[in-house]
Amino acid sequence: MIHAILVFNSHGRPRLARFYQRLPEEAQQQIIRETFQLVLKRDDSICNFLECGSLLGGSDYKLIYRHYATLYFVFCVDSSESELGILDLIQVFVETLDKCFENVCELDLIFHVDKVHYILQEVVMGGMVLETNMNEIVAQIDAQSKLEKSEGGLSAAPARAVSAVKNINLPELPRNINIGDINIKVPSLSPFV
Amino acid sequence: MSDVVERTLSALPGLLGQHEPGAGPGGPGRASATSRLGGLIRSITALSSKHEEEKLIQQELTNLKATVSAPATTLRLMKECMVRLIYCEMLGYESSFGYIHAIKLAQQGNLLEKRVGYLAVSLFLHENHELLLLLVNTVVKDLQSTNLVEVCMALTVVSQIFPREMIPAVLPLIEDKLQHSKEIIRRKAVQALYKFYLIAPNQVQHIHDKFRKALCDRDVGVMAASLHIYLQMIKENSSGYKDLTESFVTILKQVVGGKLPIDFNYHSVPAPWLQIQLLRILGLLGKDDPRTSELMYDVLDESLRRAEINHNITYAILFECVQTIYTIHPKPDLLEKAAKCIGKFVLSPKINLKYLGLKALTYVIQQDPNLALQHQMTIIECLDHPDPIIKRETLELLYRITNGQNVTVIVQKMLDYLKQSKEEYTIINLVSKIAELAEKYAPANEWFIQTMNAVFSIGGDVMHPDIPNNFLRLLAEGFDDEKEDEQLRLYAVQSYLGLLEEEDAIYPQKFLQVMSWVLGEYSYLINHEGDPEVIMTRLHKLLKKTFVTSETKAWIMAAITKIASLNRGSKTIDKLIQEFSTSLDTCMRQYAFELKHLCEDKDLMKNLLPRDASCNDMVVDASLSFLDGFVAEGLSRGAAPYKPHHQRQEEKLSQEKALNFEPYGLSLSSSMSSSGFTGRQSPTGLSLGSDMSGNSTEMGQKEMSSLKLDGVKKLWGKDGYLPKKESKTGKEDKLEAVPPGSTLGGNMVDHPLSEADQEVVSPSEEEKEKQRLASTLFVGLASDSAVSLMGKADTTTQKFKRKSKISETQNSEEAPSIQHDATLSFRPLPEAQSNDNENIQSTEHVRLRKSSLSSSEVLEASISFKRPQSLTEARLDAKLPDYRLSPSSLFADNNIEVFQPSQVIPSVVASKASLIPSLSEELANNPHSEAVELCSCDTLAVNLCKVWTDDCLLLVLFVANRSSSALKNVNLVFENSEHFKIVEGLSYHFPVIKAQSLESCQKSVQMEKNCMQEILVGSLNYHLEMETGLEFSVTLSLTDFIRPMKITTEDFGKLWLSFSNDVKQNVKMSPSQGSLSIALNTLQQKLKLHVVDIVGNEGLVACQLLPSVPCLLHCRTHAGMLALWLRSPCSALPDSLLYQCQKVMEET
């Protein structure tokens, strides 16, 4: 079972926190902080699995994480999950985000906390993997966004703002850093295999 | 990188502003809300300190609070607020004010708003949150909706978070959804059922066939979802699902063979997660089962073969395959292939795969140690890998292959790793592994001690407490070879002395404790070469170090005391006593005084601290019953019984209101008692013996000393030595038993002291009024009986004195025998028996210890339950004459009953044709309740009647068939409850219930675990056209299990002294129950108690909790209050019963 899914940036600022077991608020923050400390220490050349001790309660819990550009995606799982399987599940989740947001970046996660949660709900439900087929997930999300469109650009405003931000060439920045850099370019960024 | 983000963010408000006009028909409220979220995020990003962030968010939350609670807030705006609340919660700021609004939003909003509402609910609340109940209706409504999206949302929220007790409300709806035409709905329904299975397996027990249907679903997604349930169920009980093996194998074969739609491919691997899941299930099914394993060899072989493509996910499948192959019954050629696979992992340059390879090696190493040899070079490389996780895993692997030859190297590697690691979890984990290995494989004494030293220094105070305990136990109990043991101990002593020599070294507390215990226990071994004075000086130095905690100091003091007992006077000891007698630390002062007193009496000290006797078993009389004689004597001389502090305080206060003659005395007393021991007399006034006693009544004696001005003063001054001497003799058995230096001893001394402090304090100028009250409180209670529990004190001082002398002599003869009998008959456990049978016991224990080092506790426990039956019975017979028990007394069979389940009552009673429930004649003679309807439907009705028989609670259930056709196979099942035990088993089967007739069944219930009131849940299942279940619940309270206990006043007195758990409380009496006898009558009727005796304003009441736990009550009326004092051998019972009494008194 998956016990928690955390996304934070390289400053340790949480971008998504979803716990599948009952934990008090302070404990959750503590977990986010400590997980960040654990993950931050590790450079990209070493393995993506971590033992987290009794951080979340169980003794056999593992942290499985991936690092994309500015963001860390961390799944805390128990021994009933396959490590490599989860590692690829993270990939699926991120690729799905990428499809849904069209070049996903940290800003999307900030401004669309709710939408990210909806996408996550289609992948992992109540701590169990529900769907791993990306097209299926995207189809579900699309069905939901159709509703939104009929509501009339409700969340379209920030979406447009973000995409505007993305497309602006900020003059003081060299062109190559541009926004492309904060994108999570998934296809080119698979860190291994 | 973050610069970029921040800069972009700072450009954001402008952008948002730009887009606002074009934002469509949203209206100003919405636009401002969105930009506020943007603004919030932007300003948070700009902040530099946590403090500023806090301020900002608090501000934001205040705004949000105002917005969400404003009635004019539209749902649309509410939705925006929810998103912002989610954001704040994610940052760790509580926003509980919004929870209810999230639920409202889910209830009332349109689709989009509902979605946010549900999301917020599932993020904010947890399963036991009370607000969650409010969501149930919404969920039910949405599940019935025709809109697929609504159904989906409801199913999602149910599978994330749902209150356990409300499952029945939605279960049928979700079952329906399993037949839904849409695949996604079916899948989510299965997921929801999985959730239910996790939180309440009983509730979904009847739909297991539906799980099977889901497993055979035409859609792969639904089938995959059902595997979650199966994995869980098979994990819990693999034998029940062996028949499904073939289905799982077939599914896997199809998946591996690429029969699934191409959609399910991931990097051209067919449904990898599904494969992983199936492989796990197969592993569980085939474990230790050759026949089932046979079925899966082929498909495993194929999986291995197919997983050739070099992608991460294929490795995931391979790994799972390997694990399954090694879990199930082995097949040589498969094992060979799997081993090759492991090689691929281990040798892979990819670090994740290497990690998993090591993990797989660790897993298989016990079956195939050769594999480790093949990869030994890789393993050694991994030991120096820069990634600590890899290193850890390698050490784990090494731990599994440790043997007598390689232990030194492996332990050295582990210690090296530990020295670098700072993670507490790693330290705890690794340290216990080292300790285990060292114990198992130690090649030499020196090595063992040194390794353990390292363990203690590194593990310090985070390690598991079992490690030092086991180590000390090993030292103390030794092995078979006495000489070897001696050498080990000697080496330990030498090594610790060496360590303590270093002046500035700081050791963890646990290590110091171990050192001091060993030095205290075994330093005599080096006496011929070393001076005990040196050892004591070193320990003495430690005592003065600031980093040593007071717990450790207690250990050190114990060690010093032990060493002192083996040597004639020493300068260090004298110095130490002098130094700490004036210490500000009360505990240290206490130890110093003990040491001083012991040094004065060398014989006692020798007796108390025998050399090398740590393995001898001790008997601790936790109830301090050896003091009962002393207490009884005090009471018979008219001393007031002990009252807890709060009660005395209360009484003082109530008196203050009525008559306050001496305000100064009162304030003095309270200020003194609150200031603790500052005002108390010098501790020398307390002998070791009386300090040790924790007996409550003895405290009463002390308090009495201040209550009774003249008389008691003298008693303390002159006669004060008398009880002390007596208590000392009683004490010696116990002191002997206390192991030298055990902390227990220290604590026992320590704890009562603080209590005593408070007791002794009461000033001598106690109010006269109070004195009179105290003396009249217990007037006339069996004034001439030595066993009178409260004594009597209304007479003059002279009388008191004379009488006390008489009873004193009586008591000194009688008390010991009473004591022994009481403990014997009431404590089936040998620990509580007095030293009469100590010898038998200890020999037995020793033998046990020797035979099994590790499991001795378990054995002891089991033996202690078997043995006493005969032992105590025999003793009882022998002692019965002095006991003078009345024949009807319930104690005699008390012990016996504890071990035998109460007789089984035939469960069936003849049925009757009438539908009106009525009890059979023999049952109706017992007190019983009215028949109450528990549940009913068109066809059936269940009625219940409680019958309170002498030895149990009978539940008589009447099942009436209201329909016109006979019902067959009606099953009545109770759910298992931790509090109750149903003697005849949980279920009852009615083969047939005729039309319009009534059947009954009887169940006798026993209380297993003490509780006030608990619910026993059950259900009735029958088959009529379709399977139908009726649920019902029965509320059982403590009073259902209380029965009167008929004993005499005299027995009451004896029993009273033998019980250690007591509780006191004053209960208000309404004017209507003005007199004691009325109040007691009420109790007798309502709670089924037995009134033993009423004398004046005091009453004695006795009862027992079935099967046979007695509880005694002493009641006294005083100023409109009923003072209840309960005692029982069971600790929870007095509290529970007191509560019931209070309830009864309030009700009437």
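In this predicted model, chain A contains an open sheet of five strands in the order β2-β1-β5-β4-β3, paired in the antiparallel sense. Its edges are formed by β2 (14-19) and β3 (49-51) of chain A, each of which pairs on one side only. Direction ignored, neighbouring strands of this sheet are turned by 20° against each other on average. At the β3 edge, β3(A) is joined to strand β4 (residues 62-68) of chain A by three bridges, and the two run antiparallel. Within this pairing, A:Leu50 has A:Leu63 in β4(A) as its bridge partner.

In chain B, attention turns to strand β15 (residues 1098-1105). Eight of its eight residues are buried, so the strand is largely enclosed by the rest of the structure. In a regular strand the side chains alternate between the two faces of the sheet. Both faces of β15(B) are covered. On one side lie B:Glu1098, B:Leu1100, B:Ala1102 and B:Gln1104, and on the other B:Gly1099, B:Val1101, B:Cys1103 and B:Leu1105, all of them buried.

The pairings of β15(B) are set out below.

| Partner strand (chain B) | Bridges to β15(B) | Sense | Residue pair |
|---|---|---|---|
| β12 (residues 1042-1044) | three bridges | antiparallel | B:Ile1042 with B:Leu1105 |
| β14 (residues 1090-1095) | five bridges | antiparallel | B:His1090 with B:Ala1102 |
| β16 (residues 1109-1118) | eight bridges | antiparallel | B:Glu1098 opposite B:Arg1116 |

Two of these pairings are also hairpins. That of β14(B) and β15(B) has two residues between the strands, and B:Gly1096 takes a positive phi near 55° in this hairpin. The hairpin of β15(B) and β16(B) has three residues between its strands. Residues named above for their burial recur in the pairings: B:Glu1098, a buried residue of β15(B), stands opposite B:Arg1116 in β16(B). Likewise, B:Leu1105 is buried and is the bridge partner of B:Ile1042, while B:Ala1102, also buried, is the bridge partner of B:His1090.

Which cysteines are buried at a relative accessibility of 0%? In chain A, A:Cys47 has a relative accessible area of 0% and is therefore buried, since buried means under 20%. In chain B, B:Cys1115 likewise counts as buried because its relative accessibility is 0%. B:Cys1103 of β15(B) is buried too. A disulfide is a covalent bond between the sulfur atoms of two cysteines. Over all chains, the structure holds zero disulfides.

Note on methods. Residues are numbered from 1 along each chain as its sequence is written. Chains are lettered from A and ligands numbered from 1 in the order in which they are written. This is a predicted model: local features need pLDDT of at least 70, side-chain atom pairs count only at pLDDT 80 or more; totals for chains, interfaces and linings use all residues. Side-chain values use heavy atoms; hydrogens and water are left out. Buried means under 20% relative accessible area, exposed over 50%, partly exposed in between (1.4 Å probe, protein chains only). Helices (H or I, at least four residues) and strands (E, at least two) are DSSP runs, numbered from the N terminus. Two strands pair if DSSP finds at least two bridges between them. A disulfide is a pair of cysteine sulfur atoms within 2.5 Å. Axes are lines fitted to C-alpha atoms, for helices over the stretch in contact, and angles run from 0 to 180 degrees between N-to-C directions.
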